[in-house]
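Ready to practise reading a protein model? Keep the viewer open and try each task before you read its solution.

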Amino acid sequence: MALCTSADVEGFLGLNLASEDATQLTERYIPYVDEIIKNFIGYDIEYSSSITETFDGDGKQYDIFLTHQPVTAIATITEDGTALTQGNESDYVFYSNGLVSRVGVRWSDAKLRNLVVTYSAGYTTSTMPADIKYTSARAVARMFLKTLQISGQQGSGEIKTHLADSDNGGSFNMVQSETIGSYSVDYGNLPDMNLNDEKILTNHDRAVLSKYKTAFFV
């Protein structure tokens, strides 16, 4: 599952892309942007039905914090090899933000790596928040626009550099301005196209995604 689809990207571009270009979005651009978003948030937000994490109880805390969000269910928790029961009148309660609280007592510190939690968490295609989906789609669209700007100026056939063909002029073009009357043209270079220092996530994107970053206050 991806955070957005090629159709979402096409919606931002206002274009109906050829199937070959849509495949490029699905196989290259979208996975790349999705990983950047997950790295920024700090965890994999796509749904997984079985995640297992192990913790050290310290005998001082009532709370442990699971990595992935939103937590949809906890299958099992074992403490020192003993299965615990979920419920406010039982052993523990959990919250969608990954907080798991022991009821009435602190987590045991009798052994190392003595707490094992198996749970499900993340967003499915139908529950993915719109701001995550469209932030991903917009970032992909910005990247793909650079590709369209460059490739749209090239002729058909292979693009050759002087390394490939030193006997003829290069066949790569990147025009930044053009005048038809008394023909005039200005050629750009890669730095002018901001390909070397392009921000995949803008400050606005980061602000939108910040609320999904893990934050616990205890």
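Below are five exercises with worked solutions.

This is a predicted model, in which local features need pLDDT of at least 70 and side-chain atom pairs count only at pLDDT 80 or more, while totals for chains, interfaces and linings use all residues. Residues are numbered from 1 along each chain as its sequence is written, and side-chain values use heavy atoms, with hydrogens and water left out.

**Exercise 1: The overall plan**

Task: Find how many helices and strands the protein chain has, and in what order the elements run.

Solution:
- Step 1. Start with the definition: helices (H or I, at least four residues) and strands (E, at least two) are DSSP runs, numbered from the N terminus.
- Step 2. Count them: the protein chain has 4 helices and 9 strands.
- Step 3. Read from the N terminus, and the order is α-α-β-β-β-β-β-β-β-α-β-β-α.
- Step 4. Now turn to burial, where buried means under 20% relative accessible area, exposed over 50%, and partly exposed in between (1.4 Å probe, protein chains only). Of the 218 residues in the protein chain, 35% are buried.
- Step 5. Finish with contacts, meaning heavy atoms within 4.5 Å. Among those in the protein chain between residues at least 6 apart in sequence, 71% join residues at least 24 apart.

**Exercise 2: Aromatic pairs**

Task: Work out which parts of the chain Tyr-29 and Phe-144 tie together.

Solution:
- Step 1. Recall the rule: rings of Phe, Tyr and Trp (its six-membered ring) pair if their centres lie within 6.5 Å; planes under 30 degrees apart count as stacked, over 60 as edge-to-face and the rest as tilted. The structure holds 3 aromatic pairs.
- Step 2. Tyr-29 and Phe-144 make an edge-to-face pair, with 5.4 Å centre to centre and 80 degrees between the planes.
- Step 3. Tyr-29 belongs to helix H2 (residues 19-41) and Phe-144 to helix H3 (residues 130-151), so this pair ties together parts that are 115 residues apart in sequence.
- Step 4. Check burial: Tyr-29 counts as buried at 15% relative accessibility, and Phe-144 is buried with a relative accessible area of 2%.
- Step 5. Try another pair: Tyr-123 and Tyr-212 are edge-to-face, 6.5 Å centre to centre with 90 degrees between the planes. Tyr-123 lies in the loop between strand E7 (115-121) and H3, and Tyr-212 in the segment after helix H4 (203-209), so parts 89 residues apart in sequence are tied together.

**Exercise 3: Charges over rings**

Task: Find which ring Lys-213 lies over.

Solution:
- Step 1. A charge sits over a ring if NZ of Lys or CZ of Arg is within 6 Å of the ring centre and within 35 degrees of the ring normal.
- Step 2. Lys-213 lies over the face of Phe-40, at 4.4 Å from the ring centre.
- Step 3. Arg-102 lies over the face of Trp-107, at 5.6 Å from the ring centre.

**Exercise 4: A small set of strands**

Task: Determine which strands stand at the edges of the open sheet of 3 strands.

Solution:
- Step 1. Two strands pair if DSSP finds at least two bridges between them. The order in this open sheet is E2-E6-E5, with antiparallel pairing.
- Step 2. Strand E2 (63-65) and strand E5 (92-94) are at the edges, each with a single partner strand, so one side of each is left without a neighbour in the sheet.
- Step 3. Look at the joins: 3 bridges connect E2 to strand E6 (residues 99-102), and 3 bridges connect E5 to E6.
- Step 4. Find facing residues: Phe-65 stands opposite Leu-99 in E6, and Tyr-92 stands opposite Arg-102 in E6.
- Step 5. Between E5 and E6 is a hairpin with 4 residues between the strands, and Gly-98 in the turn has a positive phi of about 100 degrees.
- Step 6. In a regular strand the side chains alternate between the two faces of the sheet. In E6, Leu-99 and Ser-101 point one way and Val-100 and Arg-102 the other way, and all are buried.

**Exercise 5: One residue in its surroundings**

Task: Is Ala-139 buried or exposed?

Solution:
- Step 1. Locate Ala-139 in helix H3.
- Step 2. Ala-139 has a relative accessible area of 1%, so this residue is buried.
- Step 3. Leaving aside neighbours within four places in sequence, Ala-139 is in contact with Val-33, Ile-200 and Leu-201.
- Step 4. The C-alpha atoms of Ala-139 and Ile-30 are separated by 8.9 Å, and these residues are 109 residues apart along the chain.
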